[in-house]
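User: I would be grateful for a close look at one part of this structure, namely the open sheet and the helix that packs on it. Please then set that part beside other local arrangements in the chain.

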Amino acid sequence: DVLPSPDGPAPSVSITEIRQYLRAQDIPFHDGYSCLHTPSLFTGDRGGQPLPANAPYTLFIDKTTGSFLCTATLAEGTWQDFQANVELRHRGVTPVPPASSEEMEEEMRQAREDARCIWERALPLSELLDDKEIRETKALFGISLVTDATLKRFGVRYLRAARSLVFPWFNPQDATLRGLKLMRVEKKGDTITYVEETLPRFDSYRNLFGLPLIGRQNTELVLTGWELDALALHQAAGVASLALPRGASCLPPSLLPYLEQFKRITLWLGEDLRSWEAAKLFARKLSLKRCSLVRPGNLQPRPLEALNQGLNVTKILRSALLASHKSIVSFRQLREEVFGELVNTEQVSGIKWVRFPELNKLLKGHRRGELTIFTGPTGSGKTTFISEYALDLCMQGVCTLWGSFEINNVRLAKIMLTQFAGRRLEDHLELYDEWADRFEDLPLYFMTFHGQQNIKTVIDTMQHAVYMYDITHVVVDNLQFMMGHEHLSVDR
C-alpha cells in the first residue's frame, strides 16, 4: 500500500514535502546542490534504531524527483521505495534495497560476464609487440600525444580483434568491473566517425569514466562528453576530469549524487553548438551557481583537439563563463555569444534532417524552443510522415518524446521500426531481433496516454521527461485527440 501501482506514473513530490518527511522521521540530512544527503538506510543492521547523525551521509535524494541512490551499496529506488524502507525500519526490520526484475538482474549479470571476458582479452596499448602498430593505432584514434602513463592511469586497453579501444566501468566502492565501452573508428572518404558499443546496453550503462581516480579532497571538476577528452584534460591540465556515458545527449539524474562533492564544475562537452546547448541544460540540473561553461569556438575546440593543436588547455579552462547570469545583462556580456552565432550560422539554424532536404529549406532545422504544427485531412499521412521526421532526428542523437493520443504505442513503434529498418519486417522475421536491438538504443521515449487527457497531467509528464532524459524534441499526435472534441471551438 506504500508503493504506487506500476501502471500509473509515480506521484510527484516537492522538495518541501521531502524535507518535512525527513524531519518528521528524525532522519538527519543536509542540503546539497542537486540532492539532499542523509545517512544510508542500507548499511549495517539498524532495524528499529534511529539513524546516527555521525554516520557517513552516503544516501542521496534527488530534489526534483525524490528518487534516491546509496553510493555505498548502490541501492536505488523511487521516493515511495524510500518511504517503504523507512516504515520497515520503524517495525524493527532491516531495510532491503528495492529489487529489479529477475530478467533485468540476469541481463546485468550476463553483461558483466561478457565485459569480463572482453576485458581479459584486451591489452594495454603499450603491451602491443610492434611499435609501428602502437603508433598507427594511436594515430587512428587521434591520441598520438596521449602518453602511455595517462592511458594506464585511466585503465584504457585495446582489443585487437575488434580494432577497438576499451574503456572500463569500475565500481568506485570495490573496483570490480561493472561494464565496458568499446570504441572503433570508421572511415568513409575524409570523414571519420567513432562507433561506440556498451556493455550493459546504453540505457543501463551509467559510467562516469574516471570516477575511481577522484579523491575525497577534489572539489573542482571538468565534465566532458567523451572519454578521450577526459584523458586529454587530465594530461594537459592535471585537473580532475570525468566523461559522461552518453556524451552531450543526456545527463542521467542517477549520476548526480556522484557529482555532489564538487564545489565547482566546468562543462566542456564538445566543439559544436549542440554541446553548448547541452552544457546549459546540464548546468541547470547541477545547480547554476557552481557551474562554468567552455564556449565552443575556433580557439576553444574539444579538449583532445586542443591538446593536439598545442593550445593552452589551462588558459581555456580559466576563460570558462559562469552559468548563472544576472537578470539584466549588457551587450558586452552577450558580445561573444552573438559572435558565436554569426560564425556558426549553419549550426545555429538547427539540426538538419538527413532524409528531407526540402524541409531543411523551409524550417532550416530542428531548434529548441520552436513549435511546428503539421496539418492535413484525416488519412493524408501526417502520422506516417511525422514518425519518419522524428526518427530522422532521433538517429542523430536528438532525445525525443512521443505523445501519441490517436494510435497506440505498439502500432506507432511498429511503424517507426519499419521505417528505421527500411524494409517490411513481417517478411523478414529472422531480422527482427537485430533491428529491434538497434532501435532500442535510440534516445526515444513514449508517453502512455491515449485519447483525451488532462492538459496539466500531460505537461507534468513532459517536464518530468525533460529532467530525467534531457528530452529536446516533443511530438504530440494529435492535438484534437488530446484536447477532446468539446474544446475545438476554444482558443486553447
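Analyst: The account below begins with the sheet and then turns to a helix pair, a hairpin and a single histidine.

The model is a predicted one. Its open sheet consists of 3 strands in the order β16-β15-β17, and the pairing is parallel. At the edges lie β16, covering 444–446, and β17, covering 473–477, each of which pairs on one side only. On average, neighbouring strands of this sheet are turned by 20° against each other, with direction ignored.

Strand β15 comprises residues 400–404 and is joined to β16 by 3 bridges, the two strands running parallel. One position in this pairing can be named: T400 has L444 of β16 as its bridge partner. Helix α13, residues 382–394, packs on the sheet and touches β15, β16 and β17. The direction of α13 makes about 170° with that of β17.

A packing of helix on helix is found elsewhere in the chain, between α1 and α2. Helix α1 spans residues 15–24 and helix α2 spans residues 79–90; their axes come within 12 Å and cross at roughly 10°. Angles under 35 degrees count as roughly parallel, and α1 and α2 are therefore roughly parallel to each other. From α1, the residues I18, Y21 and L22 take part in the contact, meeting W79, F82, Q83, V86 and E87 of α2. By class, the residues of this contact comprise 6 nonpolar, 1 polar and 1 charged.

The strand pair β8 and β9 runs antiparallel: β8 (residues 177–188) and β9 (residues 191–199) are joined by 9 bridges. Within this pair, L180 stands opposite L199 in β9. The two strands form a hairpin with 2 residues between them, and G189 in the turn has a positive phi of about 65°.

The last site is H37, which is placed in strand β2, residues 35–38. The cut-off for a buried residue is under 20% relative accessible area; H37, at 11% relative accessibility, therefore counts as buried. A polar contact links the side chain of H37 with the side chain of E260, at 2.6 Å. When neighbours within four places in sequence are left aside, H37 is in contact with P28, F29, H30, G32, Y57, L59, F60 and E260. E260 is thus named both among the contacts of H37 and as its polar partner.

Methods: Residues numbered from 1 in each chain as written. Predicted model: local features only at pLDDT ≥ 70, side-chain atom pairs only at ≥ 80, totals over all residues. Heavy atoms only, no water. Pairing = 2+ DSSP bridges. Helix = DSSP H or I, 4+ residues; strand = E, 2+ residues; numbered from the N terminus. Axes fitted to C-alpha atoms, helices over the stretch in contact; angles between N-to-C directions. Contact = heavy atoms within 4.5 Å. Parallel < 35°, antiparallel > 145°, perpendicular 65-115°, else oblique. Nonpolar A, V, L, I, M, F, W, Y, C, P; charged D, E, K, R; others polar. Buried < 20%, exposed > 50% of the residue type's maximum accessible area, 1.4 Å probe, protein only. Polar contact = N/O pair within 3.5 Å; in protein donor to acceptor, adjacent residues only side chain to side chain.
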